[in-house]
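Here are three exercises to work through with the coordinates open beside you. Try each task before reading on to its solution.

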Amino acid sequence: MGRYLAFRLAWLVPVLFGVALITFVLMHTVPGGPWDRDKQLAPQVVQNLNRRYGLDRPLYAQFGRYLWGLVRGDLGPTYTYQDRDVMVVIASGLPVTATLGGLAFLLALAVGFTLGFAAAVAQNSWVDYVSVLFATLFASIPAFVLGILLVIVFSVTLHWLPTSGWGTPAKLVMPVVALAALPAAYIARVVRASVLEVLRQDYVRTARAKGLTEQAIYGRHVLKNALIPILSILGPELAFLITGSFIIEQLFSIPGVGRLFVQGVFQRDYGLIMGSVLFYTLVIALLNLLVDMLYAVVDPRVRYA
Amino acid sequence: MSTGQGAAAQGRPVAVPRVRAPRSFWQQSTRRLLKNRLAMVGLAVVLLYLIIAIVAPLVSPYDPAKQNYDAILLGPTGGHPLGTDGLGRDSLSRLVFGARTSLAVGLFTQLIVLTVGIPVGLVAAFSGRRSDNLLMRFVDIVFAFPDLLLIILLRAIFGGSIFMVFLAIGLVNWVIMARMVRGQALSLKEQEFVLAAKAIGVPWHSTLIRHVLPNALGPVVVLVAFGVPRAIFAEAALSYIGIGVTPPTPSWGTMVQDGYSVIFATPYPVLFPAVAIAVVMLAFTFLGDGLRDALDPRHAGLGKMR
Amino acid sequence: MRKNLYLLAALLALVMVAGLACAKPAAAPGGGTVAKEQVFRANLAGEPAQLDPNRASWAGEITVVRQVFDGLFDFNQDLTLKPMVAREIPTEANGGISKDGLTYTFKLRNDVTWSDGKKVVAKDFEYSLKRMLDPTIAADYASFYYDIAGGEEFNSSKETDSAKLKALRDAVGVQAVDESTLKVTLKRPRSTFPQVMALWPAYPIRQDMVEQKGETWTEPATYIGNGPFKMSEWVHQDHITLVANDKYWGTKPKLQKIEIKMITDANQELAGYKNNEMELSRVPVGSEGTVMEDAALSKEIVRGPQLVTFGFQFNVKQAPFDNVKLRQAIATALDRESFINKVRKGVGKPATSWLPPGMPGYDANLGKEYTFNQAKAKQLLTDAGYPDGRGLPEMRFQYSDTASNKVIAEWLQAQMKDNLGISVKLEPMESKAFTQLVNQEKHTWGWFGWGADYPDPDNWLPELFGTGGSQNHTLYSSKEFDDLAKQAMAEPDAAKRLGLWEKAHAVVVRDAPAAFMFYREAFWLKKPRLQDLITTGMDGQIIGDFFYPKSFLVE
């Protein structure tokens, strides 16, 4: 296991490099640059800006300089946040996003597991139907619509919660719920499907035939085996939630990192684009690694030598 | 460690004693599917939607692009059963025509997800550690891929087109499928029935299709059912950077987005397309669950036919 | 299945009905006594990228900068100049402007202090102007100050040697003669120079603060200004708090505190307003009608014309838009009245000319020939050589894709089809890609707008419609216009200048390098407890931002 872990961690380097290269090439190839403004800037001003941010150098030199900075933990400046370091911008938004995403993840997990498991155990009962309706409802209403509906009900009509912002527990409620709704529905459906899958397996039937109690069957066989597909989707879901949702952060004006990539792209803020993509790569790769390790824990038949 | 490829090399398909004749396998599955009432309802809804999409000009009461400035943002009325939008266009007609774009987007992107995601996942699980690692690191890269940049670039090079939408959405969404199928397959490939099939020389592709895939199908169906609305909304998001359908062609996703901007004026522009999307997702859920049940040979014995 | 569907529909309906029920907000009491807590809350619609006056360029940035700094001059409500730190508006008569129009002498007040008590001196202005022109600072608006002798040379220098850069800086024609005298030398006369000096890039800044903190001097501890408010808090991406500057040299503001939120979503801004979290809010485009029909909200509407014009600009070098008759046909085929009155519920004003109401040179009767007239438009189309649109190549229309631009584009498409029988292909684009396309003049026909930097036609005509003008993306080129503009730019007499600009404006309108669409109107909601909000046509991101020191809250 230890060797496998080291092997996988070493593979982070080429993955990060690959993403960095792809992103760098793409962002310099797309039409429109950071200084294309509605009120066109004077050519002298554009020249000054390019020089200020080192964009007057050849691309390979810029990329080399970026990689060298990356090795030393320097992600360069943003253009949109008054030259603050990308590292500082990400670091200051990360606790916010991680709190929001972490809570949403826990909520989604609790609701999803409960609903999914109940639906599988009581297949084709009203519990099952409620769960499928719940899932369909929250998958068919995009998060921004759900979010504004919550706001209309709980802020504008009932005046219970503040509409947006960050810093108090009351401000967390609606964004967490809006963010958790779709993953909860998704987890519920996957849990239901995986549990049903396992219930059909020979060994469950054997266990039943042997006269094991239902509790023992679920505890010993079903839950453990049903976890594999659930784990597969939880990794990416968690990565998505803790790196932030653009839509929810934008809607609720949350100072997190989820907005950085999209803002970076639309502003052509090269430092912000590179920094946020690499940050996301790191999170997703580590979480996929964690999931792979957990496969082996949950199901000892899955082995990594 | 042995792999599925090893099994393929061992025995020639013709020489292998079949566990069950393939024709009867498919025939039985079809029969089971046809008997499943909910699945049939799902299928009927999908077919109905498709027919509506195809004959849209015949069933829509108005030209979906015709603007009437004296009928802006109306609620449901006699003349406009689903109301009108901010330019006075009939919402029902736009919903009917929007089915064309949104169903195409929902279906084709899921087709890409299935045809890329499942094979990649299975191959990764069955083809040995080296290629598994390479494939999964590639998946890591695709996960983090700055798709927004690529989409803007595609738009610049190829212009706005619906095929770009399929490509753009499909391109990044197969990875979750691939990782999930791989996870399932990693666990399944060491189970008794798969090992047994290998031992008696069943070719690996046959094992995959008959044993591994049906057992992994439940979660796959869920992913597809969720993928449909996700793709429909992704198209709407893309259309806002100029790569979705070109206005005034409607799509359900863009109708929801346009509706959002006037939600303080009227809720209907969001409500109706959302219901349309919910219904199609529900239909896919039922149909998918039915398909899953039908493809599982053990199913009949459980007596859970709906 | 059917049962499930009904249940689903019922669930959805429940959520929506809950939403509908929202329409009535809690009524806020109007009138009353001056409130003890003078805390005014507003929304900026996003984190400012820059609060460095020299570098700022976005309306949201300027709204904040304006509260913290006072320049030499500022604008009155009617957009005429008023002296601030300068004692008077320089004229030839009072000796502020030399006979050749090349030397400006600004006499400063002696009682102006920074928020830390230090005196504001001419050196602070000299430092600021020279820093703003420094190429390494790369200020967006530096090109506005190229009329200053040596300014363009300094700003466009590629020099890296610090001694040589210093020499260029020293050669810039800005000099603090003594504590209260600032002398600026121009390389060509510019009658609007005092207006340009009233803009934020020319606000004084503190050299010691900039040198102490470098680029991060705009954080509260070192963000020392000389304006009515000072910054007490900047929580990035969340909010900015301004408090009254107790050392303010002028009339002290009545407001004790301004809390500026950063809500980007238009619906959320309105929701926050309805939930009493803010005293001011924009109304999302498309919801104006609902607001006007609402018993409570309709009493809280604040409207006012803005110096902003929108239109459809042609690339006149590209067929078929090189045909003036075709451009005129299109301009005549737009039923602007119906758009403004029905789609926009009367918000905005139909435009048939370029200079907006409130701008010197605006003429309500100019361009009346473009008032919607289908028969005339069709005749013009025939005159253009395309009877009933026959023979027209595919017409493509580009725009930066936003919800409101999409409505405009779809409306344009329908107008062309219904009124001229011609089909238009819409090409929505991502914002920066569109901007680059236009800046490189590769567009064919696009949606565009212009807002005033300062209220004078020389900010509106030569750059946009003069041959080779930096913002001229129609590629329109007319010797007649260029000659008039050149005369106007050099004319020292204000009345004569205006006459020349009016003529030049008429030439542009006649040749229709763009089909003008509407003048923007601000449409906001204001809680009755906020009193004496004074709006102008040049307000920044938040309405009334020129005059917050006069506003106050009642209980």
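The exercises below concern a predicted model, and they go from one interface to a sheet and then to a second interface.

**Exercise 1. The contact of chain A with chain B**

Task: Describe the interface of chain A and chain B by its residues, its buried area and its salt bridges.

Solution:
- Begin with the residues: chain A brings 69 to the contact and chain B brings 62.
- Next comes the area. About 5900 Å² is buried between chain A and chain B, and carbon and sulfur atoms account for 70% of it.
- Now look for charged pairs. The rule gives 5 salt bridges across this interface. A:Arg189 and B:Asp289 form a salt bridge, with 3.3 Å between the closest N and O atoms; the cut-off for such a pair is 4 Å.
- Then ask which element leads on the chain A side. Helix α13 (residues 270-298) of chain A gives the largest share of the side that touches chain B, 10 residues.
- Finish with the classes: that side of chain A holds 44 nonpolar, 12 polar and 13 charged residues.

**Exercise 2. A sheet in chain C**

Task: Work out which strands stand at the edges of the open sheet of 3 strands in chain C.

Solution:
- Write down the strand order, which is β4-β6-β5 (chain C), with antiparallel pairing.
- Count partners. β4 (103-107) and β5 (174-178) of chain C each have a single partner strand, so they are the edges, and one side of each lacks a neighbour in the sheet.
- Add the geometry: from one strand to the next, the twist averages 25°.
- Check one pairing in detail. β5(C) and β6 (residues 181-185) of chain C run antiparallel and are joined by 4 bridges. C:Ala176 has C:Leu182 in β6(C) as its bridge partner.
- Last, see what packs on the sheet. Helix α3 (residues 122-132) of chain C touches β5 and β6 of chain C, and its direction makes about 170° with that of β5(C).

**Exercise 3. The contact of chain C with chain B**

Task: Find which element gives the most to the side of chain C that touches chain B.

Solution:
- Set the scene: 38 residues of chain C meet 38 residues of chain B, with about 3300 Å² buried, 65% of it from carbon and sulfur atoms.
- Count the polar links. There are 4 salt bridges, and B:Lys66 with C:Asp418 forms a salt bridge at 3.5 Å, N to O. Residue pairs in polar contact number 9, both residues being at pLDDT 80 or more.
- List the candidates. Elements giving two or more residues include α1 (2-20), α8 (266-274) and α13 (403-420) of chain C.
- Pick the leader: α13(C) gives the most, with 9 residues.

Key
Residues are numbered from 1 along each chain as its sequence is written. Chains are lettered from A and ligands numbered from 1 in the order in which they are written. This is a predicted model: local features need pLDDT of at least 70, side-chain atom pairs count only at pLDDT 80 or more; totals for chains, interfaces and linings use all residues. Side-chain values use heavy atoms; hydrogens and water are left out. Contact means heavy atoms within 4.5 Å. Buried area is the accessible area (1.4 Å probe) that two parts lose on being put together, summed over both. A salt bridge is a side-chain nitrogen of Lys or Arg within 4 Å of a carboxyl oxygen of Asp or Glu. Ala, Val, Leu, Ile, Met, Phe, Trp, Tyr, Cys and Pro count as nonpolar, Asp, Glu, Lys and Arg as charged, and the others, Gly among them, as polar. Two strands pair if DSSP finds at least two bridges between them. Axes are lines fitted to C-alpha atoms, for helices over the stretch in contact, and angles run from 0 to 180 degrees between N-to-C directions. A polar contact is a pair of N or O atoms within 3.5 Å; within protein, one must be able to donate a hydrogen and the other to accept it, and residues adjacent in sequence count only if both atoms are side-chain atoms.
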